[in-house]
Amino acid sequence: MLIVSGIISMEPEGHDQAVELIGPLVEATLAEEGNITYGFWADPAQKGVFRVYEEWADDDALATHMATEHMGAFLVGMGELPITGTELTQHRVEESTRLM
């Protein structure tokens, strides 16, 4: 399994437009084969900061996602926003154990 996690930051004035882009992306991505979970959450303490968390079955599922029309539209839209930073990391997970 692959996990992608991190933060996308922008000037606060880009927050609402980002939310408009994120909604359709998440909805379409959750329907993709090989997607386990996918979400963006606004940081309540910092307007314009979004936490990202994704789980993918394998490399092929993530590569297919990156080539989708909805991901392309999201990236074009994000390119118009006042992004100040991105920090996304991919993790390879061989085994998971439920804690609770």
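**Notebook: helix α3 and its aromatic neighbours**

I began with helix α3 of this predicted model, and I noted that the face of α3 turned away from its buried side carries the exposed residues Glu69 and Val76.

Next I looked up the buried side, where I found Met71, Phe74, Gly77 and Met78 to be the buried residues of α3. Looking down the axis of α3, I saw that these buried residues fall within an arc of 125°, so they line one face of the helix. I reminded myself of the general reason: an α-helix has 3.6 residues a turn, so residues three or four places apart point the same way.

Which elements do the buried residues of α3 pack against? I listed β1 (2–10), α1 (15–30), β2, α2 (59–66) and β4 (83–92) as their packing partners.

I then turned to the aromatic rings, for which the count comes to 3 aromatic pairs. One of the pairs joins phenylalanine 40 and phenylalanine 74, and I recorded it as edge-to-face, with 5.7 Å centre to centre and 65° between the planes. Because phenylalanine 40 lies in strand β2 (residues 35–42) and phenylalanine 74 in helix α3 (residues 69–78), this pair ties together parts that are 34 residues apart in sequence.

Are the two partners buried or exposed? I found that phenylalanine 40 counts as buried at 13% relative accessibility, and that phenylalanine 74 counts as buried at 5%, since the cut-off for buried is under 20% relative accessible area.

Last, I followed the ring pairs further and wrote down that they link Tyr38, Phe40, Trp56 and Phe74 into a cluster.

Notes:
Residues numbered from 1 in each chain as written. Predicted model: local features only at pLDDT ≥ 70, side-chain atom pairs only at ≥ 80, totals over all residues. Heavy atoms only, no water. Phe/Tyr/Trp six-rings, centres within 6.5 Å; stacked < 30°, edge-to-face > 60°. Helix = DSSP H or I, 4+ residues; strand = E, 2+ residues; numbered from the N terminus. Buried < 20%, exposed > 50% of the residue type's maximum accessible area, 1.4 Å probe, protein only. Arc of directions from axis to C-beta. Contact = heavy atoms within 4.5 Å.
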